[in-house]
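Subject: Structure handover

Hello,

I am passing a structure on to you. Please open it first, then read the notes below.

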Amino acid sequence: MVTLIKLTENDKRLIIVLLLVVILLFVIAGYVGLLVRNIMKYQSKRADDMLNDVVRAGVIRDEKKLFWFGIRKNYRVLFQQAWIPFLIMLGSSLILILYCATMNNWDVNIWDYKDEGFGTLFHVFDWANAPKAKFFGIDLICDWPSLLSTPHFSWNAWGAYLFVPGMFVGGIWFLICVQAYIARSFRIKKLSKQVFRKSLDDYNANDGPRSPINPE
Amino acid sequence: MASFFKTFGLGVIYVIALPFILLFWAIYAIYCLGVFIYMAIRNVIIFFSGGTPNGDMKEDVEAKRILLERSQKSQASQNIYVSPQPVFDEPTPMPEPVQNEPEPYEQPAQPENMFYPDEEELPIDNSFDGDNKDGYVD
């Protein structure tokens, strides 16, 4: 018998641990996906609110009209929800422009960790020169890399300190608004088909009253 | 255990589909940015032309009017059939608790024309001396 790979007891343990970690990561990904799906279901309820009155009052009696009405209404809801994060991002950008103008430096690196960037607030490691070891022919990092910078406050980085969190918060907020817009769009598409659908699933012609048979 | 494997399977699917989901999300984000800019310009124009940006759409106004009329009609129809309830200034006193005593029995009055014949006045049949020793007529 030809033995292709000879595994030591340590290698077997390592493989089992790696397998468990991979399974755990996939399970966590599954739960995150379910969470996002439930959040989108919650966000899509707004579409029901938007379309309820016009359908119940009978103002719209057509699938296509309901769909386009829903889309136009969805634009308005998107604007109502997204103007605050948009303003935050706009304000952050203006602050950065103001910073560049006052410092007379239009070549700012906002991620710089030495003096003028947001990286000054974090531990920065030298990942490029991290110690590595071979595992099944692959180079893997086997130890913590050396530290390039420790967290410190720098007055020269005030532009980055305001710009990066503002853009981060505004961006995430805007992406949540986009997610809500997608959820509502799907719901509008579904409702516009469902509300005017004629179904004979629960109908039986023998159950209803019949016209009397006239004697000849 | 089944739900664990189901979640694991969903996780695998989500991880595989993640790049496409992110691409879809990014495309929608760009689209939404365009929609936002379009709505902002439109709202500014409406605002400066004296209108109400993001006000009710004409379909909404129509729907609200119809629903209001319907609710008013149903309210009016309810007012016809509902009788007004009496209003008391003071709360009605609770009745005294009934004591567990038997009511006195009153003999019902007999009708005046009721006639009960005396035994002496009854007719006697003396035609035969059979078993009927008393001689009463049945």
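Here is what was found, beginning with chain A and ending with the contact to chain B.

Please keep in mind that this is a predicted model.

Chain A on its own

Chain A has 3 helices and 4 strands. Along the sequence they run α-α-β-β-β-β-α. The four β symbols in that pattern are therefore preceded by two α symbols and followed by one.

The overall dimensions come next. Along the principal axes, the C-alpha atoms of chain A fill a box of roughly 105 × 75 × 20 Å. The radius of gyration of chain A is 30 Å. For a compact globule of 216 residues, a value near 17 Å would be expected. Burial can be put beside that: 20% of the 216 residues of chain A count as buried.

What about contacts within the chain? Take those in chain A between residues at least 6 apart in sequence. Of these, 70% join residues at least 24 apart.

Chain A against chain B

How many residues does each chain bring to the contact? Chain A brings 27 residues and chain B brings 23 residues. On the chain A side, the elements that give two or more residues are helix H1 (9-56), helix H2 (63-103) and helix H3 (158-194). H1(A) gives the most, with 11 residues.

The make-up of that side of chain A is as follows: 20 nonpolar, 3 polar and 4 charged residues.

Best regards

Technical notes. Residues numbered from 1 in each chain as written. Chains lettered and ligands numbered in written order. Predicted model: local features only at pLDDT ≥ 70, side-chain atom pairs only at ≥ 80, totals over all residues. Contact = placed C-beta atoms within 7 Å. Nonpolar A, V, L, I, M, F, W, Y, C, P; charged D, E, K, R; others polar. Rg over C-alpha atoms; globule rule 2.2 N^0.38 Å. Buried ≥ 20, exposed ≤ 12 C-beta atoms within 10 Å, placed from the backbone.
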